[in-house]
Amino acid sequence: MPPLPIIIDIEASGFGRGSYPIEVGYYTPDQRSYCTLIRPEPDWTHWDPSAEQIHGITRDLLLDKGRPAVDVCLDLNSDLRGETLYCDAWAYDYVWLSRLYDAAEMNPTFRLKDLRELLAECEQALWHAQRAVVEERLALRRHRASGDARTLFETFSDVSRRCKPDWAA
């Protein structure tokens with residue numbers, strides 16, 4: 001079985017034009033996790049109440065407890081230098097990560113790829129049902145970036161194991 005990937009997830013102020021990252025989290029094969037709120041930049045004003053209902057993070061919480069973009073980028077670059085990270089919503093996560101790094105006037109020291117690149121037909125067929133099993137097993141109460149990253153990681157690990165040729169042995 002190939003090595004398990006590092007999974008990253010980003011929560012955002014909403015979807016579409018003007019949205020921005022509000023929380024980033026990752027989960028690694030050695031069970032390390034990272035999660036932090038991101039303080040909005042002055043020109044990050046888009047806010048979608050329906051997104052807030054999903055992740056439960058208020059703009060006031062971000063202004064009070066969020067960390068500056070530059071600090072978050074320094075953490076990510078230090079922790080993830082040279083790694084390839086995978087996400088489940090690449091088209092959105094790439095834009096939000098770019099917005100974060102643009103605000104910090106930095107470049108990431110890691111690569112971001114779509115988790116679907118790692119899924120063969122067998123894994124794809126099992127994905128949604130196994131994710132539901134993982135969500136029930138983990139019983140996470142909040143929809144947050146590090147929890148979502150762990151859910152994706154555990155789901156990937158489970159479907160990869162089940163799709164190995166000798167799984168039934």
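**Note on the predicted model**

1. Of the 169 residues in the protein chain, 44% are buried. The model is a predicted one, and the points below should be read on that basis.

2. Overall dimensions. The radius of gyration of the protein chain is 16 Å, and a compact globule with 169 residues would be near 15 Å, so the two agree. Along the principal axes, the C-alpha atoms occupy a box of roughly 55 × 35 × 25 Å.

3. Secondary structure. The protein chain contains six helices and five strands. Their order along the sequence is β-β-β-α-α-α-β-α-β-α-α. Among contacts with a separation of 6 or more, 69% join residues 24 or more positions apart.

4. Surface and charge. About 9300 Å² of the protein chain is exposed, with 49% of that area coming from carbon and sulfur atoms. The side chains include 20 positive and 28 negative ones, and the centres of these two sets are 3 Å apart.

5. Asn 77. This residue belongs to helix α3, which covers residues 69–80. Its relative accessible area is 6%; the cut-off for buried is under 20%, so Asn 77 counts as buried. A polar atom of the Asn 77 side chain lies 2.9 Å from the backbone nitrogen of Thr 109. Thr 109 also appears in the contact list of Asn 77, which leaves aside neighbours within four places in sequence and otherwise holds Tyr 101, Met 106, Asn 107, Pro 108 and Phe 110.

6. Cys 35. Strand β3, residues 33–37, holds Cys 35. With a relative accessibility of 35%, Cys 35 is classed as partly exposed, because that class lies between the 20% and 50% limits. Beyond four places in sequence, Cys 35 touches Glu 23, Val 24 and Gly 25, as well as Ala 145 and Ser 146. For Cys 35 and Ala 104, the C-alpha to C-alpha distance is 18 Å, at a sequence separation of 69 residues.

7. Thr 151. Helix α6 contains Thr 151. At a relative accessible area of 4%, Thr 151 is buried. Its contacts, again leaving aside neighbours within four places in sequence, are Arg 131, Val 134, Glu 135, Leu 138 and Leu 140.

8. Backbone angles to check. Most residues other than glycine have a negative phi. Two exceptions are listed here. Gln 31, which is not a glycine, has a positive phi of about 70°. Ala 139, also a residue other than glycine, has a positive phi near 50°.

9. Setting of these two residues. Gln 31 sits in the loop between β2 (21–27) and β3. Its relative accessible area is 61%, so Gln 31 counts as exposed, the limit being over 50%. Ala 139 is in the loop between α5 (121–138) and α6 (145–162). At 49% relative accessibility, Ala 139 is classed as partly exposed.

Definitions and conventions:
Residues numbered from 1 in each chain as written. Predicted model: local features only at pLDDT ≥ 70, side-chain atom pairs only at ≥ 80, totals over all residues. Heavy atoms only, no water. Helix = DSSP H or I, 4+ residues; strand = E, 2+ residues; numbered from the N terminus. Buried < 20%, exposed > 50% of the residue type's maximum accessible area, 1.4 Å probe, protein only. Polar contact = N/O pair within 3.5 Å; in protein donor to acceptor, adjacent residues only side chain to side chain. Contact = heavy atoms within 4.5 Å. Rg over C-alpha atoms; globule rule 2.2 N^0.38 Å. Areas by Shrake-Rupley, 256 points an atom, 1.4 Å probe, with all protein chains shown as cover. Lys, Arg positive; Asp, Glu negative; His and termini not counted. Charge placed at Lys NZ, Arg CZ, Asp CG, Glu CD.
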